[in-house]
Amino acid sequence: MVQRVCLRKRNPYSTYSNKRRQIIRTPGGKLIVHHLKKVGTVPKCGDCGDHIQGVPILRPKGYMRVSKSQKTVSRAYGGSRCGTCVRQRIMRAFLIEEAKIVKKVIKSQAPKAGRD
């Protein structure tokens, strides 16, 4: 005769939140099922969608339990943008400022050239 398997949760349906790993025999002789927890997703960059290095892969409750230094990276746009995108933003801002300065210099030199 086949032994019955004892489910630990009351949900009998095969849903995403009710994954079962294996059947275990207890010392008392009962067969029980080990349930799996849902796997967290990797934090992704808001610009390019790549993984953010240095931030752990957890479920939302797991992020609630870890300290702030583990949830972020110590630089500008720490836990939200990857290093490559931050570098591009800094370069873009620097080049825009340089272009403004060059424009101002050209504008100031133009009237002098017209007077001569």
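This is a walk through the model, one selection at a time.

**Before you start**

The model is predicted, so local features need pLDDT of at least 70, side-chain atom pairs count only at pLDDT 80 or more, and totals for chains, interfaces and linings use all residues. Residues are numbered from 1 along each chain as its sequence is written, and side-chain values use heavy atoms, with hydrogens and water left out.

Try colouring by pLDDT, which is the predictor's confidence in each residue, from 0 to 100. The chain averages 90, and 97% of the residues score at least 70. Among the elements of the chain, helix 1 (residues 60-65) has the highest mean pLDDT, 93, and strand 1 the lowest, 84. Helices (H or I, at least four residues) and strands (E, at least two) are DSSP runs, numbered from the N terminus.

**Stop 1: the sheet**

Show the strands as a cartoon. You should find three of them in an open sheet, in the order 1-3-2, with mixed pairing. Two strands count as paired if DSSP finds at least two bridges between them. Strand 1 (5-6) and strand 2 (20-25) are the edge strands, each pairing on one side only.

Now select residues 31-35, which make up strand 3. Strand 1 runs parallel to strand 3, and two bridges join them. Pick valine 5 and look across: its bridge partner in strand 3 is leucine 31.

On to strand 2, which pairs with strand 3 in the antiparallel sense over four bridges. Which residue of strand 3 is the bridge partner of isoleucine 23? Select valine 33 and you have the partner. Strands 2 and 3 form a hairpin with five residues between them. Zoom in on the turn and click glycine 29, which has a positive phi of about 95°.

**Stop 2: a nonpolar patch**

Switch on the surface and select Val5, Leu7 and Ile23. These residues form a nonpolar patch with about 240 Å² of accessible area together. Patches are made of residues with over 30% relative accessible area and no salt bridge; like charges are joined within 9 Å and nonpolar side chains (Val, Leu, Ile, Met, Phe, Trp, Tyr) within 5 Å. The areas come from the Shrake-Rupley method with a 1.4 Å probe, and for residues only the protein chains shown count as cover.

Leucine 7 lies in the loop between strand 1 and strand 2. This leucine is partly exposed, with a relative accessible area of 34%. Here buried means under 20% relative accessible area, exposed over 50%, and partly exposed in between (1.4 Å probe, protein chains only).

**Stop 3: salt bridges around aspartate 47**

Next, show the charged side chains as sticks. A salt bridge here is a side-chain nitrogen of Lys or Arg within 4 Å of a carboxyl oxygen of Asp or Glu, and the count comes to three.

Begin with arginine 81 and aspartate 47, whose closest N and O atoms are 3.2 Å apart in a salt bridge. The pair links distant parts of the chain, 34 residues apart: arginine 81 is in the loop between helix 2 (68-71) and helix 3 (83-115), and aspartate 47 is in the loop between strand 3 and helix 1. Is arginine 81 buried or exposed? At 19% relative accessibility, arginine 81 counts as buried, while aspartate 47, at 42%, counts as partly exposed.

Add arginine 89, which also meets aspartate 47 in a salt bridge (3.2 Å, N to O). Arginine 89 sits in helix 3, 42 residues from aspartate 47. Its relative accessible area is 25%, so arginine 89 is partly exposed. With Asp47, Arg81 and Arg89 selected together, you are looking at a network of salt bridges.

Keep arginine 81 on screen and add serine 80. Their side chains are joined by a polar contact of 3.0 Å. A polar contact is a pair of N or O atoms within 3.5 Å; within protein, one must be able to donate a hydrogen and the other to accept it, and residues adjacent in sequence count only if both atoms are side-chain atoms.

**Stop 4: along helix 3**

Select glutamate 97 and lysine 100, a salt bridge with the closest N and O atoms 3.6 Å apart. Because the two are three residues apart in helix 3, about one helical turn separates glutamate 97 from lysine 100. Glutamate 97 is partly exposed, at 42% relative accessible area.

**Last stop: tyrosine 77**

Finish in the loop between helix 2 and helix 3, where tyrosine 77 lies. Check the backbone here: tyrosine 77 has a positive phi of about 60° although it is not a glycine. With a relative accessible area of 44%, tyrosine 77 is partly exposed.
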